[in-house]
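Me: I have a model open and would love to talk it through with you. Shall we take it piece by piece?

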Amino acid sequence: MLREIISITGKPGLFRLLSQAKGALIVEELGTGRRFPAHAREKVVSLGDIAMYTESGDTPLGEILDKVYAAHEGKPIDVKALAAQKGALKEEFGKIVEDFDRDRVHDGDVKKLFTWYNLLIANGFDKFAEKEEEEAPEADAAAE
């Protein structure tokens, strides 16, 4: 699910990947629905490829977002209020993901995560992690 949602460096917000064109990706901005090309020179990252540092290794962003969703019962997070208080972002994130790497995860990372979470839930997302069960039947069929 998160594989089709991308972040483009230098552009605020998140975008849904619609298709590919020569030298560009056609994307749609979440929320506004505005469509435009993301050119090859722009750095594009799928949310499905992002992980966060934890003490037990890197945790996929989908799993982190599922934990945030469960902790906040699907309600938006007041990012501005948390960002205004020193240390509040990491403190709130620590309640959700207790084993996050406090040395390598910065306030800006947590702020971006919470902002993305708010955008995703505002656009109807409620499940974020890729389910292994969906991939297992394909793997079994390939083995036979």
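Me: Happy to start with a single contact. How far does the backbone oxygen of Arg3 lie from a polar atom of the side chain of Ser46?
Reply: Keep in mind that this is a predicted model. Ser46 lies in strand S5, and Arg3 is among the residues in contact with Ser46. From the backbone oxygen of Arg3 to a polar atom of the Ser46 side chain, the distance is 3.1 Å.

Me: Is Ser46 buried or exposed?
Reply: Leaving aside neighbours within four places in sequence, Ser46 is in contact with Leu2, Arg3, Ile5 and Ile6. The relative accessible area of Ser46 is 11%. Buried means under 20%, so Ser46 counts as buried.

Me: Which residue is the bridge partner of Ile6 in S5?
Reply: Strand S1 (residues 5–8) is joined to S5 (residues 44–46) by three bridges, and the two run antiparallel. In S1, Ile6 and Ile8 point one way, while Ile5 and Ser7 point the other way. Across in S5, the bridge partner of Ile6 is Ser46.

Me: And which residue in S2 does Ile5 stand opposite?
Reply: S1 also pairs with strand S2 (residues 15–21), in the antiparallel sense and over two bridges. The two form a hairpin with six residues between them, and Gly10 in the turn has a positive phi of about 90°. Opposite Ile5, in S2, stands Arg16.

Me: Let's move to the other hairpin. Which residue takes a positive phi in the hairpin of S3 and S4?
Reply: Strand S3 (residues 24–29) and strand S4 (residues 35–39) pair in the antiparallel sense over five bridges, with Ala38 in S4 as the bridge partner of Leu25. Five residues lie between the strands of this hairpin, and the one with a positive phi, near 100°, is Gly31.

Me: Now a helix. Within what arc do the buried residues of H1 fall?
Reply: In H1 (residues 61–71), the buried residues are Leu61, Gly62, Ile64, Leu65 and Val68. Seen down the axis of H1, they line one face of the helix, because they fall within an arc of 160°. What covers them includes strands S6 (51–54) and S7 (57–60), together with helices H3 (88–96) and H4 (107–122). The arc asked for is 160°.

Me: Which helix gives the most to the largest nonpolar core?
Reply: This core has 29 residues, and Leu47, Leu65, Val68, Phe93, Leu113, Phe114 and Leu120 touch the most other members. H1, H2 (79–84), H3 and H4 each supply at least two residues. With seven residues, the helix that gives the most is H4.

Me: How many residues are in the other core that lies apart from it?
Reply: Its members include Ile6, Phe15, Phe36 and Ala38. Ile6 comes from S1 and is buried. The count for this other core is seven residues.

Me: On to charges. How many residues apart are Glu42 and Lys11?
Reply: Their side chains meet in a salt bridge, 3.6 Å from N to O. Glu42 sits in the loop between S4 and S5, and Lys11 in the loop between S1 and S2, so this is a link between distant parts of the chain. Lys11 is partly exposed, at 33% relative accessible area. Along the chain, the two are 31 residues apart.

Me: Last one: is Asp101 buried or exposed?
Reply: Asp101 and Arg104 meet through their side chains in a salt bridge of 3.4 Å, N to O. Arg104 counts as partly exposed, at 42% relative accessibility. With a relative accessible area of 12%, Asp101 is buried.

Technical notes: Residues numbered from 1 in each chain as written. Predicted model: local features only at pLDDT ≥ 70, side-chain atom pairs only at ≥ 80, totals over all residues. Heavy atoms only, no water. Buried < 20%, exposed > 50% of the residue type's maximum accessible area, 1.4 Å probe, protein only. Helix = DSSP H or I, 4+ residues; strand = E, 2+ residues; numbered from the N terminus. Pairing = 2+ DSSP bridges. Arc of directions from axis to C-beta. Contact = heavy atoms within 4.5 Å. Polar contact = N/O pair within 3.5 Å; in protein donor to acceptor, adjacent residues only side chain to side chain. Core = buried A, V, L, I, M, F, W, Y, C linked by side-chain atoms within 4.5 Å. Salt bridge = Lys/Arg side-chain N within 4 Å of Asp/Glu carboxyl O.
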